[in-house]
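Biologist: Could you take me through this structure step by step, and explain how each answer is reached?

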Amino acid sequence: MDNDQPHILILEDNDADAELMKRELRKAGLAFTSTWTPGKVPFLSALENSQPDLVLADYSVPGFDGLSALTAARQRFPDIPVVIVSGAIGEELAIETLKGGATDYVLKQRLDRLGPVTLRALQEANQIAERKRVENALRESDERLRLLIEGIHDYAIVMLDTRGYIASWNTGAERILGWTSEEAIGQHFSIFYPPQTEKSGTPRRFLELAAEGRHEDQIQHVRKDRSLFWADVVMCAIHDAAGHLRGYAKIMRDISERKQAEDALAQANADLQAFTERLQRSNRDLEDFAFIASHDLQEPLRKIKVFGQRLQDHAGDHLDAEETDFLERMISASQRMKTMIDELLAYSRVTTKAQPFERVDLNAVVREVISDLEIQVELTQGQVIIGEIPCIEADRYQMHQLFLNLIGNGLKFHRLDLPPVVQVSARILEPQHTKATGRLGSMVEILIEDNGIGFDISQLERIFKPFERLHGKSEYKGFGMGLAICRKIVEHHSGKITAKSQPGFGSSFIIDLPYQESDKLLNEKTII
Ligand code: ADP
């Protein structure tokens, strides 16, 4: 049996009439399958066993009739078309048949109508079935959408009519705004806004903007309990198929927490900015002070030294041993003070007299430094070993000062039983996100290692402070400014300096400085 062909259930006690009916149907071009039932029992059982697409029922069958057959068929299949076929049917009976729900009726004398009537009935039944299917699908999809919108908790989804009155309200809206759907539906959506916003005409403007398509905003809203909160809002106009405005969809999200976090961050940034400015100002003041003080102190000091020496020249012969000692101590103290002032000046100049950064070949700088330190190397019978150090963007003079202090210390703080060996090496570190800019940046790590007397690592912080020394002045010359200057230079280059050491086992000074890939290429050329 072909499943596409309609199946027709025929109730007709006369088999010749049933055959006639089928012939008429075929004549009308209808391809079908059929079940012929001559009376009530087989008809009802056929209805029970399968679903026909149409019923052709003789109006009067012994012990049964067309109207009862119609009722039985409709009880089982409410939408099934039923065509009554009758030998003779009066007008009243015909009307009664149609009122009873028959799709149509055909007189046996006019059986030629049966084909077209059946075709039309089947067609209509198909259309009805199709419409019902579409309606069901629509209803199901509406229901799914409703459940979906209803189930959204984090967003308030509100439908408004064309004038802005609330037409639907989801659980998210109830949770965020506090009104139940019974309370909200029918109200104007301006209840969402604080009175001043409402008075300024903002809600009306939102509707106008949304009517043009879509409007987004971040604005303060008001809850049922009058508390305020910030919300992210999207409002869209909804049009029907003909393009007429049907209303608006308003979707809101409570962003109070984000807003608070943003405000707190902005406040923290402003505080930090203010603090940085205060710090910069105070640093500048301090540097100006250090510079002016050390600069202005030089003149009277020079006079003390000069006049002390003149006194020594003129009156040297008349002075007794104690007086000569006083004078010598005074002159050497003034000399020490001059060195201290020079160091202080050098310290303040790291920032006040900084030069613009240029590409500096650190290998060349270290070689110059070694040549400056030639005498110390010779006196100590020491050795400086240089590995490969790249080019970087830096203040050339300050780089010289940095390596002079560190290599100089490596030679100076050597063990009496062991000639100093100072090694300078470097390696490029894996790129990391720098704290200052958050950008990915490479660093070069420079290591200055010695085999000298070392120091107690608990004193690490102290050695980088101005005028701090761990070892005696008589054994090791110096004023304790070298490492303070080194730290300032490194920080001026956005780098870091630290050290590792153990008394008696040498020291390693570790410097991290910003490094660009382009520096490397240039340096490779320089090394060759
Ligand atoms: P200075 O060399 O004039 O004493 P620095 O600021 O360069 O001043 O160093 C401060 C102190 O740190 C030194 O006095 C010394 O005690 C210690 N120090 C610095 N470098 C070394 C080193 N390579 N080995 C051991 N101790 C060191």
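Modeller: Let us begin with the largest pocket of this predicted model, which has a lining of 42 residues. Those nearest its centre are N409, K412, F413, K477 and G478.

Biologist: Which helix gives the largest share of the lining of the largest pocket?

Modeller: Helix 11 (321-352), helix 13 (374-380), helix 14, helix 16 and strand 20 each supply at least two residues of that lining. The largest share amounts to eight residues, and the element that provides them is helix 14.

Biologist: How many residues of the lining of the largest pocket are charged?

Modeller: When the lining residues are divided by character, 16 are nonpolar and 16 are polar. The remaining group is the charged one, and its number is 10.

Biologist: Where does the ligand sit, and what volume of space lies there?

Modeller: The ligand sits in the largest pocket. The space in that pocket comes to about 1200 Å³.

Biologist: Which strand supplies at least two residues of the shell around the ligand?

Modeller: The shell holds 19 residues, and the closest to the ligand are N409, K412, R469, H471 and L483. Two helices, helix 14 (396-412) and helix 16 (482-492), each supply at least two residues of this shell, and so does a strand, namely strand 20 (507-515).

Biologist: What percentage of the area that the ligand exposes when taken alone does the protein bury?

Modeller: Polar backbone atoms come close to ligand oxygen atoms at two residues, with L470 at 3.0 Å and L483 at 2.7 Å. In the side chain of H471, an N or O atom is 2.7 Å from an oxygen atom of the ligand. Taken alone, the ligand exposes 530 Å², and the part of this that the protein buries is 98%.

Note on methods:
Residues numbered from 1 in each chain as written. Predicted model: local features only at pLDDT ≥ 70, side-chain atom pairs only at ≥ 80, totals over all residues. Heavy atoms only, no water. Near = heavy atom within 4 Å. Polar contact = N/O pair within 3.5 Å; in protein donor to acceptor, adjacent residues only side chain to side chain. Areas by Shrake-Rupley, 256 points an atom, 1.4 Å probe, with all protein chains shown as cover. 1 Å grid on protein atoms, 1.4 Å probe; cavity = no way out; pocket = protein on both sides within 12 Å on 5 of 7 lines; lining within 4 Å. Sits in = over half its atoms within 2 Å of the grid points. Helix = DSSP H or I, 4+ residues; strand = E, 2+ residues; numbered from the N terminus. Points joined across faces, edges and corners; volume = space filled by probe spheres on them. Nonpolar A, V, L, I, M, F, W, Y, C, P; charged D, E, K, R; others polar.
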